[in-house]
Structure formats: C-alpha cells, structure tokens
Amino acid sequence: MARDPCQKGASVIPVVLALKRLPDREKLVPERLWKYFDDHMLVSGWYPERDYFALLEALVKTIDPKAVGGDVWRYFAKFSVQRDIAGANIPGSVVTDAKGVYRNFASGEGADPGQFFRRAAKLWGQYHDTGTLQLRGGRVSSNSVVLELVGFHIPIEGFVRLQGYYLEEFGRVVGLELEGKVTRSTARGHPSCEWEYVLVRTPASEAYVASLPALP
C-alpha cells in the first residue's frame, strides 16, 4: 500500500494549538481529527498531509481577513517564515520549541539568487516528505524564475498561494526582493503546481536568470 504523504510537526502543531483555544473546536473539525487535541505531538514528527489540510482549512474559516491584513494564506506564510527562519517571537504563539528551527537557511549569502532558490527547494523537503520543488528555468524579458512542484498534489488553492507567499517572505528575510504568482495549480486541475517569481533587477539577478534554461 502507498504511504500517505506527511507534513512536519513544526507546521502542524501551531494549527492544532490555535484550534485547541477555540471553544467550538470539535464542531470545526471531523471527529477523526479530535485525537490531535489530546495527543502529544513532536515538532520533528510527521503527520498525514490530509489531516493537516483539514485542520488548516478549519482554522482558516475562523480568521477574519481584515484582522490579518488581507489574505489569510499570506498571513500563514509570513507567520511560518518569521517563526521558522527568522526566529522571531510571534505574538500569541506558544510553539516556543519550533522558533528558528530552520534559521540556518538564512545564513551566509542568502540574498544570492542561486543560493536562494537552491535553499527554497531544500525547504520544501523540511516541511513535506513527498514531492520535489524543481527550478524549470528563467525568462530574461521579465527577469523571472519558474519553479514547479512535482510528485505532490495540493488540494487547496489557498495553500498553493501560500507557497508563493512563503518564498516572497523568505526573500525579505534574506534581502532578496521578488514577487511570485501562481501559474499552474493542482487545486484547479493542472497536473502540477507552478509559480513564477519576478526578481528586482540587479546585475546579480539578471546574470542568474540569464544563466538558466530559457523559457518561452
């Protein structure tokens, strides 16, 4: 039997803790997931992606976009990067043992485009045990880079956007300016997810994009 894809506890635990604070939490999630409210969970543990997505969707429904500055999925992406990579203290967060768990990804020449996208690909594997984030190539005309996620189906459109927001925030942390957009999404029926990231034009970013396989 094929094994279910799993998500790292560093991402699952904050969602579970946020839901546990809600008095009507058992109305928000299916009964099969109530176990997460009682089980001892590990930051380094692995938990089924399907459970994570169900818990995350339940939490999203409880958050007013106006209270978090707009798109709730962008808020989640910023929260994750600031806690896991920047090691920042997040107001209201009680997951102290996960703070800065991936701080090493911001070390060294993190603003170097080549190193940044290599680290971006590795970061996917820190959170997920299935799928690979691959760099497809670049477009000199727009000074952009295209990444594709292969071997993993994201069922929620908001979570596809979250992945784009995550790299934007990661770029801010290390000093690399970029803006991403979703170009393909498994949540919309495409065979894979794909994002295009436009880099602020600098000699370094232009040289990097020019060095990549050219995309139409």
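This report walks through the cysteines, the strand pairing around strand 4, and the nonpolar core of a predicted model.

**Cysteines**

Let's start with a point that matters at the bench. Searching the whole structure turns up 0 disulfides. Cys6 stays unpaired because its sulfur lies 18 Å from the closest cysteine sulfur, that of Cys193, which is too far for a bond; a disulfide would need the two sulfur atoms within 2.5 Å. Cys193, for its part, is in no disulfide either, its nearest cysteine sulfur being that of Cys6 at 18 Å. Both cysteines appear in the table below, together with a valine that we will meet again at the end.

| Residue | Relative accessible area | Class |
|---|---|---|
| Cys6 | 13% | buried |
| Cys193 | 0% | buried |
| Val174 | 15% | buried |

Val174 counts as buried because its relative accessible area of 15% falls under the 20% cut-off.

**Strand 4 and its partners**

Strand 4 covers residues 144-150, and 6 of its 7 residues are buried. It pairs with strand 3 (residues 132-139) through 7 bridges, and the two run antiparallel. Within that pairing, Leu133 has Leu149 of strand 4 as its bridge partner. Strands 3 and 4 make a hairpin with 4 residues between them, and Asn143 in the turn has a positive phi of about 50°.

Strand 4 also pairs with strand 6 (residues 193-199), again antiparallel, by way of 6 bridges. Here Leu147 is matched with Trp195 in strand 6.

**The nonpolar core**

In soluble globular proteins, nonpolar side chains tend to be buried together. In this model, the largest nonpolar core has 59 residues, and the members that touch the most others are Leu55, Trp73, Phe76, Phe117 and Phe159. Elements giving two or more residues to this core include helix 1 (9-20), helix 3 (49-60), helix 4 (72-84) and helix 5 (113-127), as well as strand 4 and strand 6. Helix 6 (157-174) and helix 7 (203-211) are also among them. The largest share, 8 residues, comes from helix 6.

Phe117 is a good residue to click on. Setting aside neighbours within four places in sequence, Phe117 is in contact with Leu135, Val145, Leu147, Leu178, Tyr197, Leu199 and Tyr208. Leu147 is therefore worth a second look, since this contact of Phe117 is also the bridge partner of Trp195 and sits in a strand with 6 of 7 residues buried.

**Back to Val174**

Val174 is found in helix 6. Its C-alpha atom is separated by 26 Å from that of Val15, a residue 159 places away along the chain.

Note on methods:
Residues are numbered from 1 along each chain as its sequence is written. This is a predicted model: local features need pLDDT of at least 70, side-chain atom pairs count only at pLDDT 80 or more; totals for chains, interfaces and linings use all residues. Side-chain values use heavy atoms; hydrogens and water are left out. Buried means under 20% relative accessible area, exposed over 50%, partly exposed in between (1.4 Å probe, protein chains only). Two strands pair if DSSP finds at least two bridges between them. A nonpolar core is a set of buried Ala, Val, Leu, Ile, Met, Phe, Trp, Tyr and Cys residues joined through side-chain atoms within 4.5 Å. Contact means heavy atoms within 4.5 Å.
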